[in-house]
Amino acid sequence: MATITVSDSNFSTEVLGADKPVLVDFWADWCGPCKMIAPALEEISEELADQVTIAKVDIMANTNTATEFGVQSIPFLVLFKDGKPVAQKLGAAPKGALKGWIESVL
C-alpha cells in the first residue's frame with residue numbers, strides 16, 4: 001500500500017478513526033529533508049502495509065492540522081494508535097532508522 005495524502009478535511013477519518021496505526025508525515029514541497037525521506041517512506045509503506053498506514057500532510061495546504069499538532073519544524077513524523085499520538089520524530093533519517101523506529105513503536 002502506498003502512502004496516502006491526508007488533508008484538514010479528512011484527517012479525523014483517515015488518521016484518528018483508522019483501524020490500524022497511522023504514521024503521519026508532516027511535510028512541505030520546499031523542504032529538502034522531506035523530499036529525501038519520501039522514497040524511504042514509500043518503501044516502508046509497502047513493507048509494513050499490514051501493520052501501519054503512512055499518511056502525508058502538506059503543512060502549507062493544511063494549516064489547521066499542522067497547528068493542532070504543534071508542527072514547527074519538518075519533517076515531523078507522528079505515529080497515531082487508536083486515534084492518539086503515541087510517538088514522534090523530528091528530522092530526516094535513513095530508511096533503516098525510520099523503519100526501526102516505526103517497528104519499535106508498533
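**A friendly first look at the sheet, its helix and the cores**

1. Let us begin inside the sheet: β2 and β4 run antiparallel and are joined by five bridges. One of the residue matches here is Leu-23, whose bridge partner in β4 is Leu-79. Please keep in mind as you read that this is a predicted model.

2. Now for the whole sheet. Five strands make up an open sheet with mixed pairing, in the order β1-β3-β2-β4-β5. The edges are taken by β1 (4-5) and β5, each of which has a single partner strand, so one side of each is left without a neighbour in the sheet. On the other pairing of β2, six bridges tie it to β3 in the parallel sense, and Asp-25 stands opposite Lys-56 in β3.

3. β4 deserves a paragraph too. Its pairing with β5 is antiparallel and has six bridges, with Leu-77 matched to Lys-89 in β5. Two residues lie between the strands in the hairpin of β4 and β5, where Asp-82 takes a positive phi near 55 degrees. Five of the six residues of β4 are buried, so this strand is largely enclosed by the rest of the structure.

4. Which face of α4 should you look at to find its buried residues? In this helix (residues 95-105), Leu-98, Trp-101, Ile-102 and Val-105 are buried. Viewed down the axis of α4, they fall within an arc of 95 degrees, so they line one face of the helix. An α-helix has 3.6 residues a turn, so residues three or four places apart point the same way. Gly-96 and Ser-104, on the other side of α4, are exposed.

5. What do those buried residues of α4 pack against? The partners are β2, α2 (32-47), β4 and β5 (84-90).

6. Turning to the interior, the largest nonpolar core has 19 residues, and Val-24, Phe-26 and Ile-74 touch the most other members. At least two residues of this core come from each of α1 (11-16), β2 (22-27), β3 (53-58) and β4 (76-81). There is also a second, separate core of 16 residues, with Ala-40, Val-52, Ile-102 and Val-105 among them.

7. Val-24 is a good residue to click on. Beyond its neighbours within four places in sequence, its contacts are Phe-11, Val-15, Ala-55, Val-57, Phe-76, Leu-77, Val-78 and Phe-80.

8. Aromatic rings come next: the whole structure holds five aromatic pairs. In one of them, Phe-11 and Phe-69 are tilted, at 5.3 Å centre to centre with 45 degrees between the planes. This pair links distant parts of the chain, since Phe-11 is in helix α1 and Phe-69 is in the loop between α3 (63-68) and β4, 58 residues apart. Is Phe-11 buried or exposed? Its relative accessible area is 3%, under the 20% limit, so Phe-11 is buried. Ring pairs also join Phe-11, Phe-26, Phe-69, Phe-76 and Phe-80 into a cluster.

9. Finally, have a look at Glu-47, in helix α2. With a relative accessibility of 36%, Glu-47 counts as partly exposed. Its contacts, leaving aside neighbours within four places in sequence, are Lys-95 and Lys-99. Glu-47 and Ala-2 are 45 residues apart along the chain, and their C-alpha atoms are separated by 9.8 Å.

Note on methods. Residues are numbered from 1 along each chain as its sequence is written. This is a predicted model: local features need pLDDT of at least 70, side-chain atom pairs count only at pLDDT 80 or more; totals for chains, interfaces and linings use all residues. Side-chain values use heavy atoms; hydrogens and water are left out. A nonpolar core is a set of buried Ala, Val, Leu, Ile, Met, Phe, Trp, Tyr and Cys residues joined through side-chain atoms within 4.5 Å. Buried means under 20% relative accessible area, exposed over 50%, partly exposed in between (1.4 Å probe, protein chains only). Helices (H or I, at least four residues) and strands (E, at least two) are DSSP runs, numbered from the N terminus. Contact means heavy atoms within 4.5 Å. The arc is that of the directions from the helix axis to the C-beta atoms. Two strands pair if DSSP finds at least two bridges between them. Rings of Phe, Tyr and Trp (its six-membered ring) pair if their centres lie within 6.5 Å; planes under 30 degrees apart count as stacked, over 60 as edge-to-face and the rest as tilted.
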